[in-house]
Amino acid sequence: MRAVKRFSEDCIKKLRAEIEDAGGNEVYARGFLDAKGLVTRIEIAARGNEESVLALDAAEGDPLPDVLIHNHPSGALRPSENDLNIAGRAAEGGIGSFIVDNKVENVYVTAEPVRRKERQYLEADAITAALEEGGAVARRLPSYEKRDAQLDLMRLIIRSFNEDAIAAAEAGTGVGKSFAYLLPALGFALLNDERIVLSTATITLQQQLFEKDIPLVQAALPGIFPGAGKGGKELKAVLMKGRGNYLCRRRLTDQLRDPAQELEEEENNALLAIQSWAETTSTGSRSDLAFLPPETVWSRVCSEADLCMGMRCPERERCFVLALRREAADARIIVVNHHLLFADLAARHEGAGYDNTVVLPPYNRVIIDEAHTVESSATSFFSRDFSRPGLFRQLGRLYRRRRGLAQGLLPRLSALVDGGGPDRLDALAMAVEKIRDTAESTDQAGLELCGREGVFRLTAGREEPFRMALAPQLITLKKQITALGTLAADMLEKVPEKEASGGPLEQAVWEIKSILRRLDNIAGTCADFIEFKERPAEVMWMERHGGNNGNNPWVSFTVTPLEVAPSLKEALFDVNKTVICVSATLTVADSFAFWASRSGFSRELQYDDGSGDDRKKLMGRFPSPFPYAQSVLLAAPQDAPLPEEARYRSFVDDAVARLVESSGGSALVLFTSYEALRSAYAAARPILEAQGIKCLKQGDDDRHRLLQLFLEDQSSVLFATDSFWEGVDAPGDTLRLVILCRLPFKTPNDPVFEARCEALEKQGGRAFMELSLPEAVMKFKQGFGRLMRRSSDHGVVAVLDGRILRKRYGEFFIRSLPETKTCFAEFSDVLRRAEDFFTYD
């Protein structure tokens, strides 16, 4: 093909001159098309030799090219195998590939570029009209009421899409934030054929969005955007959960054939039930099971990234994860959770690139709901850990003895590999046993360091006991894991190529390699602890787990980043065109500063490194339309003791029982520690159950079933801690009383929080005012928000911590709440006022 059909005259001249300047060697360029499809602008990216040139990616923040261009000095324009590979990867992002001769007279089109359509902007009035009286969405809602705050929030989100901005929006309970972001998101995706990722903190909200809200908005689109729906454009949405939520057929088959260890009867029954379900399920999602399988069973059969054989898997044609990825590839709305989003962002930031499918298909616009959890979710994701039970599970998969027989992947491989006689297997068995023995002694040393507190953070001041008691064990464990890896690798090298690739041993070889990588990661974590002084940006800590009634406790060894904001800024906010963060709790005392600095949303609020931060940011607060001033009583006893006072525990135990008795149940009692929960529960239960009030306690059942029991019995009371401060939706008479027993400050022995406070103090900050207090206020707002879930709800929020009235900072908590009725008086008066409020107000 003649080059003039694909290049402007100016571009031909420029590219020809660049090739001449390079001595006729290969030149690699990026090209940009005009409206007619001609390359009218080029940027030279690299120069090579007569046979090759580097195909360099565009730098982060640079515009993506429409075509990749390079010349063949020989004049033969046939693409090489490497040319085809590069062109194939580029084509996944819609980028074309051209090969030209040195005089730029002829061009070979290896891959056609996808023509970029003209940007379509959202019209705010047309979209907000959908939620006005009689609008396309409003008339589909069973109980519609106009909410000005919802329309204002929607306008901010529309601006975020139109202006390629990042936005933070605090939308109070009842604003209707889901519809406020779904309408602009689906509209923008439809008009511009772009993919948008919606991320939530909970599977519950994921499912609500996907099963209820998105279908409703999809049905309304034809009334807002002409040409949408039947006969026009269809907008596909897909729900994606983390791999661990999906069944892996290959692992299920392996588990049934060769279980890693003896199963209890209940576990074996669950495994057989999963086997039966696997033949009928269309999704393979754990949530579709009619029962909740034990974690000990599900963890052995679920999909895991490092155990996935991909296209080599014998079950690939029936793979649930691959089927889901195929569905997601042509979807324009993808609903995920934060963990899955961070897995994708981390892989892209570490080098996987932004134009290809990684964990998710490529995208550059994100909406994050429940954004107040971004820092904690990212902290959890970017932490790495190991424990004795987890290590033993990996070792058991490699080698174990049952009824005197050697079993596992290594014996299976050894029996079929030439030269894999008993000596080699005996050496492997001995290496596994050494690791087991050292892991036991490491665990015991860790338990002793954790002591009664149950937690130990490794610091310079605690180096001596660590060096004496634990470091030698970790050094030995690291060496032994490395030695096992060397022995196993030696055996793998003996496997004939035809057996290891496509042969009967392929699955075993693949899984052994995956387990060895996991063990290598454990060895790396051991090294992190040993070299902790060289890693000031990370927190090394241990925590005691399990061991009910003192039986068989164990320790987790965890490495956590000191800060996640810089990583979030670089991987999330800097590289995406639009990022919208919404939540009911993003501000403290009317300011976004705390959340913005901790989440990476606004670098300059926390960092002063001269790098600048010129992204367009939109922020807005959208108050709840609920009538808090008439329907909620905020009560705090003036005679409530401070938590450090001796009578505080007995005061709370007594007050909880009397308040719940006055409400007749319908109560949620929130604590900051299990010890306080157990004490209050033990004191209140006999009194309340004598009144016919059912008492439920966190830990007696799994979270989902506990909530269901609570929702089904209006006279019940739920005693709970931590995770129940948010995510509990109990409208109507199911919940009329919320008791916040203590202001939710992080405990002093929380190792990551402690380290972050110390780092802030070293920088000249005030840890209490800049970290501890605002974090507690945000959680307090979440707890308060459990009460009123519908505009007709009515009830009391009682705070039993004397600090809210007797400490100056108590005002921060009160000021962060919507205006309510209040009762700050002696407890007897609070109780009387609460009883009257339940009865008359």
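Lys569 is found in helix H20, which covers residues 565-573 of this predicted model. With a relative accessibility of 8%, Lys569 counts as buried, because buried means under 20% relative accessible area. Lys569 shares this status with Ala565, Leu568, Ala571, Leu572 and Phe573 of H20. The buried residues of H20 pack against three strands and three helices, namely strand E6 (166-171), strand E10 (365-368), strand E17 (578-583), helix H11 (338-352), helix H12 (374-382) and helix H21 (593-599). From Lys569 to Gln708 the separation is 139 residues in sequence and 38 Å in space, C-alpha to C-alpha.

## The parallel sheet

An open sheet is formed by 7 strands in the order E21-E22-E20-E23-E24-E19-E25, and its pairing is parallel. Its edge strands are E21 (695-697) and E25 (821-825), each of which pairs on one side only. From one strand to the next, the twist averages 15°. Within this sheet, strand E23 (residues 737-740) and strand E24 (residues 795-799) run parallel and are joined by 4 bridges. Ile739 stands opposite Ala798 in E24.

Helix H24 (residues 674-689) packs on the sheet and touches strand E20 (667-671), E21 and strand E22 (717-721). The direction of H24 makes about 170° with that of E22. Helix H27 (residues 767-784) also packs on the sheet, where it touches strand E19 (632-637), E20, E23 and E24. The direction of H27 makes about 155° with that of E23. Both angles count as roughly antiparallel, because they are over 145 degrees.

## The mixed sheet

A second open sheet has 5 strands in the order E2-E1-E3-E4-E5, with mixed pairing. Strand E2 (39-47) and strand E5 (107-111) stand at its edges with a single partner strand each, so one side of each has no neighbour in the sheet. The twist of this sheet averages 25° from one strand to the next. Strand E4 (residues 96-100) pairs with E5 in the antiparallel sense over 4 bridges. Ile99 stands opposite Tyr108 in E5.

Helix H1 (residues 9-21) packs on this sheet, touching strand E1 (27-33), E2, strand E3 (67-71) and E4. Its direction makes about 15° with that of E2, an angle that counts as roughly parallel because it is under 35 degrees. Helix H2 (residues 81-91) packs on the sheet as well, in contact with E3, E4 and E5. The direction of H2 makes about 165° with that of E3.

The angles of the four sheet-packing helices are set out below.

| Helix | Reference strand | Angle between directions |
|---|---|---|
| H24 (residues 674-689) | E22 (717-721) | about 170° |
| H27 (residues 767-784) | E23 | about 155° |
| H1 (residues 9-21) | E2 | about 15° |
| H2 (residues 81-91) | E3 (67-71) | about 165° |

## Helix packing

Helix H13 (residues 388-398) packs with helix H15 (residues 422-450) at an angle of about 175°, and their axes are 10 Å apart. H13 is therefore roughly antiparallel to H15. On the H13 side, the contact is made by Arg388, Leu391, Phe392, Leu395 and Gly396. H15 contributes Val432, Ile435, Arg436, Ala439, Glu440 and Asp443. By character, the residues of this contact divide into 6 nonpolar, 1 polar and 4 charged.

Helix H5 (residues 177-192) has 16 residues and reaches 23 Å from its first C-alpha to its last, close to the 22 Å expected at 1.5 Å a residue. H5 is largely enclosed by the rest of the structure, because 15 of its 16 residues are buried.

## Positive phi angles

Most residues other than glycine have a negative phi. Just after H5, Asp193 takes a positive phi of about 50°. Asp164, which is not a glycine, likewise has a positive phi of about 50°. Asp164 lies in the loop between helix H4 (148-162) and E6, the strand against which buried residues of H20 pack. At 27% relative accessibility, Asp164 counts as partly exposed.

Ser666 has a positive phi near 50° and is also a residue other than glycine. Its place is in the loop between helix H23 (648-663) and E20, a strand of the parallel sheet. Ser666 counts as buried, at 4% relative accessibility.

Notes. Residues are numbered from 1 along each chain as its sequence is written. This is a predicted model: local features need pLDDT of at least 70, side-chain atom pairs count only at pLDDT 80 or more; totals for chains, interfaces and linings use all residues. Side-chain values use heavy atoms; hydrogens and water are left out. Helices (H or I, at least four residues) and strands (E, at least two) are DSSP runs, numbered from the N terminus. Buried means under 20% relative accessible area, exposed over 50%, partly exposed in between (1.4 Å probe, protein chains only). Two strands pair if DSSP finds at least two bridges between them. Axes are lines fitted to C-alpha atoms, for helices over the stretch in contact, and angles run from 0 to 180 degrees between N-to-C directions. Contact means heavy atoms within 4.5 Å. Angles under 35 degrees count as roughly parallel, over 145 as roughly antiparallel, 65 to 115 as roughly perpendicular and the rest as oblique. Ala, Val, Leu, Ile, Met, Phe, Trp, Tyr, Cys and Pro count as nonpolar, Asp, Glu, Lys and Arg as charged, and the others, Gly among them, as polar. The expected span of a helix is 1.5 Å times one less than its number of residues.
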